[in-house]
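Reader: I should like to understand the terms used for this model. Please explain how each one is justified.

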Amino acid sequence: MAMLNLKEKDKQQHLLAGILIAGLLYPIFGHLSVVVAIVVGLGKEYVVDEIWSIGEPDIWDAVATALGALLVGAIVWIAELAKIIDLS
């Protein structure tokens, strides 16, 4: 059974892509940017790799992209929560 190995350069690139997509789109779409980044990751694996046969489809690439997006979502959520609680 294959597993997510974040030591692989390819998985690191997908993680970074999820972070960048969600992070750059956050000012425009808010929390929806996380969903957009996940859909882009899944779409890339299906359309580019599966349908167009440009690369090898790998569900773990999509998982790594989603993890990057979820990381951004979690950081933003914690930052917003900290403002509400006023941790100063």
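Reader: What makes the largest nonpolar core a core, and which residues form it?

Author: The largest nonpolar core consists of 7 residues: Ala22, Tyr26, Val34, Ala37, Ala69, Val72 and Val76. A nonpolar core is a set of buried Ala, Val, Leu, Ile, Met, Phe, Trp, Tyr and Cys residues joined through side-chain atoms within 4.5 Å. Buried means under 20% relative accessible area, exposed over 50%, and partly exposed in between, with a 1.4 Å probe and protein chains only. Each of α1, α2 and α3 (59-85) supplies at least two residues of this core, and α3 gives the most, with 3 residues.

Reader: On what basis are such statements made?

Author: The model is predicted, so local features need pLDDT of at least 70 and side-chain atom pairs count only at pLDDT 80 or more, while totals for chains, interfaces and linings use all residues. Residues are numbered from 1 along each chain as its sequence is written, and side-chain values use heavy atoms, with hydrogens and water left out.

Reader: Which residues is Ala69 in contact with, leaving aside its neighbours within four places in sequence?

Author: Ala69 is in contact with Gly18, Ile19, Ala22, Val34, Ala37 and Ile38. Contact means heavy atoms within 4.5 Å.

Reader: How many helices and strands does the chain have?

Author: The chain has 3 helices and 0 strands, in the pattern α-α-α along the sequence. Helices (H or I, at least four residues) and strands (E, at least two) are DSSP runs, numbered from the N terminus.

Reader: How does the span of α1 compare with the expected one?

Author: From its first C-alpha to its last, α1 reaches 29 Å with 21 residues, close to the 30 Å expected at 1.5 Å a residue. The expected span is 1.5 Å times one less than the number of residues. After α1 comes Gly30, whose phi is positive, near 65°.

Reader: Why is Lys11 called buried, and Asp10 partly exposed?

Author: Lys11 has a relative accessible area of 4%, which is under 20%, and is therefore buried. Asp10 stands at 30%, between 20% and 50%, so Asp10 counts as partly exposed. Lys11 is one of the buried residues of α1, which also include His14 and Gly18.

Reader: How do you know that Lys11 and Asp10 form a salt bridge?

Author: A salt bridge is a side-chain nitrogen of Lys or Arg within 4 Å of a carboxyl oxygen of Asp or Glu. The closest N and O atoms of Lys11 and Asp10 are 3.6 Å apart, so the pair qualifies.

Reader: Which salt bridges does Lys44 form?

Author: Lys44 meets Glu45 in a salt bridge at 3.4 Å, N to O. Lys44 also forms a salt bridge with Asp49, at 2.8 Å between the closest N and O atoms. Elsewhere, salt bridges that share partners join Glu8, Asp10, Lys11, Asp58 and Asp61 into one network. The whole structure has 6 salt bridges.

Reader: What makes Val35 partly exposed, and which surface patch includes this residue?

Author: Val35 has a relative accessible area of 44%, between 20% and 50%, so Val35 is partly exposed. Val35 lies in helix α2 and joins Ile28, Phe29, Leu32 and Val39 in a nonpolar patch on the surface, with about 480 Å² of accessible area together. Patches are made of residues with over 30% relative accessible area and no salt bridge, where like charges are joined within 9 Å and nonpolar side chains (Val, Leu, Ile, Met, Phe, Trp, Tyr) within 5 Å. Accessible areas come from the Shrake-Rupley method with a 1.4 Å probe; for residues, only the protein chains shown count as cover. The largest share of the patch, 3 residues, comes from α2.
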